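Biologist: I would like to go through some of the labels used for this model and hear the reasoning behind each one. Please show it first.

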There are 2 protein chains.
Amino acid sequence: MLLSGGLDSTTALALAKEQGFTPYALSFDYGQRNAVELTAARRVARELAVENHITSTIDLRVFGGSALTDDIEVPKGASLDEGGGNEFSVDYVPARNTIFLSFALAYAEVTGATDIFTGVNAGDYSGSPDHRPEYLDAYEAMANLGTKTGVSGGRRIRLHSPLIHMSDADIIRTGMRLDIDYALTISCYDPDPEGRACGACGACRPRLKGFADVGVADPAPYVAETP
Amino acid sequence: MLLSGGLDSTTALALAKEQGFTPYALSFDYGQRNAVELTAARRVARELAVENHITSTIDLRVFGGSALTDDIEVPKGASLDEGGGNEFSVDYVPARNTIFLSFALAYAEVTGATDIFTGVNAGDYSGSPDHRPEYLDAYEAMANLGTKTGVSGGRRIRLHSPLIHMSDADIIRTGMRLDIDYALTISCYDPDPEGRACGACGACRPRLKGFADVGVADPAPYVAETP
């Protein structure tokens, strides 16, 4: 289970548990500016009683190229409404999901797990090519050719992305059905030092819209009252 | 270019240069016991005048499961002749190539490169599923679906493994044609503190056999005279 401590991966974790899986969670400290998400991941892992939770330190900063790891400004508000077509968001971290899934694959090989869960959502805010179903299918095919599990007969690596076709509102409704306390989670790219979300970045805006669509208040802390 | 500082990746680097590529090299400090290979990688990168050389620190030890990172004995001599079929070597590090290639993919995205070279060799000593051509083909397909380069039209990520079907002797002959000084390289899993190869492990034995097949002495330093 790739666990960021955000709304999506927390909901995917609860779905994996509902399906009867015993979850092992993996988070990453990759020099992200929103390190408070690691605190959220630990809270979520404890609250949802995962079997084991590992935080792996990797240095993506040497690769540069993204607002999440560089010292450039996180886009907020109206500037998010620009772009489209083949333009990808500045929130895109090069090959990030490919790297994260590769660590998950190693963790699965070592624990004997065959099922990898992610909270990846095709329609989400990131505009990244590595959030698309065809990418995830290709990743699974590759994983089954490059691991002991995949080539030893009788078993198969399965990559589960149960939120892939859900809207943010669908995800929140699913989480409410599963009694998730979303106050534990954080999605913001630019939280303040106390871990309060900004309410305006490319992660906060769709999250708040999702809660608005469902008609409930987001229980997570925000810097100021949001409109 | 994935560059370990061993015989294979050094030869692949020289081939990439011969084909007219401007090489950027990537090495990993992943807690491997043979950290002297990082010294070799720096030597090779300097000698072969790569454009840039990055060493990325990643912690694979949290995943356990391999002689290269754990404190279990590196198999040597006769014990290497056992096994076969679907048994993979204890030298196998779970999903290692998948992780390494994923960092290379991120590095390619950032530098604008489209071509990734590895020294992977299908018949090599490791007995790992992630050294097979069908795995590499699947990796390339995945990479083209999960990156800006792959989905932005007109360009394509290409994964080159020019040694994939070569014997160790073929590789050494190729390197000699390209004037590689193999004294710069090290392949050993268990070198001594001065960086001299053991001559008996699962990396040294095929290397020495390759040189013997070609009929020349391996110029790299060994702990003792080898038979």
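Biologist: Why does D213(B) count as partly exposed?

Modeller: This is a predicted model, so the count is computed from predicted coordinates. D213(B) has 14 C-beta neighbours inside 10 Å. Exposed requires 12 or fewer and buried requires 20 or more, so D213(B) is put in the class in between, partly exposed. The residue sits in helix 7 of chain B, which spans residues 204-214. From D213(B) to A95(B) the C-alpha distance is 31 Å, with their positions 118 residues apart in sequence.

Biologist: What makes A49(A) exposed?

Modeller: A49(A) has 9 other C-beta atoms within 10 Å. The limit for exposed is 12 or fewer, therefore A49(A) is exposed. Its place is the loop between helix 2 (36-47) and strand 2 of chain A. A49(A) also has a positive phi of about 50°, although it is not a glycine.

Biologist: And how do you know whether D179(B) is buried or exposed?

Modeller: By the same kind of count: D179(B) has 7 other C-beta atoms within 10 Å. Buried would need 20 or more, and 12 or fewer is exposed, so D179(B) is exposed. D179(B) lies in the loop between helix 6 (168-177) and helix 7 of chain B. Its phi is positive, about 60°, and it is not a glycine.

Biologist: Turning to the two chains, why are helix 4 of chain A and helix 4 of chain B called roughly antiparallel?

Modeller: Their axes cross at roughly 160°. Angles over 145 degrees count as roughly antiparallel, so the label applies to this pair. The two axes come within 8 Å, and the crossing is left-handed.

Biologist: Which residues meet where helix 4 of chain A contacts helix 4 of chain B?

Modeller: On the chain A helix they include E134(A), Y135(A), A138(A) and M142(A); on the chain B helix they include E134(B), Y135(B), A138(B) and M142(B). By class, the residues of this helix contact are 12 nonpolar, no polar and two charged.

Biologist: How many residues does each chain put into the contact as a whole?

Modeller: Chain A supplies 40 residues and chain B supplies 41 residues. On the chain A side, strand 2 (52-57), helix 3 (96-111), helix 4 (133-145) and helix 5 (148-151) each give at least two residues. Helix 3 of chain A gives the most, with 10 residues. That side of chain A has 21 nonpolar, 13 polar and six charged residues.

Conventions. Residues are numbered from 1 along each chain as its sequence is written. Chains are lettered from A and ligands numbered from 1 in the order in which they are written. This is a predicted model: local features need pLDDT of at least 70, side-chain atom pairs count only at pLDDT 80 or more; totals for chains, interfaces and linings use all residues. Two residues are in contact if their C-beta atoms, placed from the backbone, lie within 7 Å. Helices (H or I, at least four residues) and strands (E, at least two) are DSSP runs, numbered from the N terminus. Ala, Val, Leu, Ile, Met, Phe, Trp, Tyr, Cys and Pro count as nonpolar, Asp, Glu, Lys and Arg as charged, and the others, Gly among them, as polar. Axes are lines fitted to C-alpha atoms, for helices over the stretch in contact, and angles run from 0 to 180 degrees between N-to-C directions. Angles under 35 degrees count as roughly parallel, over 145 as roughly antiparallel, 65 to 115 as roughly perpendicular and the rest as oblique. A crossing is left-handed if the near helix is turned anticlockwise from the far one by less than a right angle, and right-handed if clockwise.
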